[in-house]
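Work through the following exercises with the model open beside you, and try each task before reading its solution.

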Amino acid sequence: KNKSPICPDDYRSTSNLPASSKVLERIVHTELNAYLTEHCKLDDYQSGFRTGDSTTTALLNVNRLVSVC
């Protein structure tokens, strides 16, 4: 079928799902992170997805643990 550039029926509409799912994902992340932090459910050595922690933090923790042994 040839698409006409002036006929809207020849094109699919765009979806708003990606934008709304990003908003929902951010809300769930914020709430879940707050709950886990408030109730001390995360291990002290958990660095992924924590504010202020990074791969460097994780490596420093491993280095410190290995140096003690």
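**Exercise 1.** How many disulfides does the count come to, if a disulfide is a pair of cysteine sulfur atoms within 2.5 Å?

Solution. This is a predicted model, in which local features need pLDDT of at least 70 and side-chain atom pairs count only at pLDDT 80 or more, while totals for chains, interfaces and linings use all residues. Residues are numbered from 1 along each chain as its sequence is written, and side-chain values use heavy atoms, with hydrogens and water left out. By the 2.5 Å rule, the count is zero disulfides.

**Exercise 2.** Classify C7 and C40 as buried (under 20% relative accessible area), exposed (over 50%) or partly exposed (in between), using a 1.4 Å probe and protein chains only.

Solution. C7 has a relative accessible area of 28%, so it is partly exposed. C40 reaches 66% and is therefore exposed.

**Exercise 3.** Describe the span of α1 and the backbone just after it.

Solution. Helix α1, a DSSP run (H or I, at least four residues) numbered from the N terminus, covers residues 17–38. Its 22 residues reach 31 Å from first C-alpha to last, close to the expected 32 Å, where the expectation is 1.5 Å times one less than the number of residues. Just after α1, C40 takes a positive phi of about 50°, although C40 is not a glycine, and this residue lies in the loop between α1 and α2 (55–68).

**Exercise 4.** Place V28 in its helix and state its exposure class.

Solution. V28 lies in helix α1, and because its relative accessibility is 48%, V28 counts as partly exposed.

Definitions and conventions:
Helices (H or I, at least four residues) and strands (E, at least two) are DSSP runs, numbered from the N terminus.
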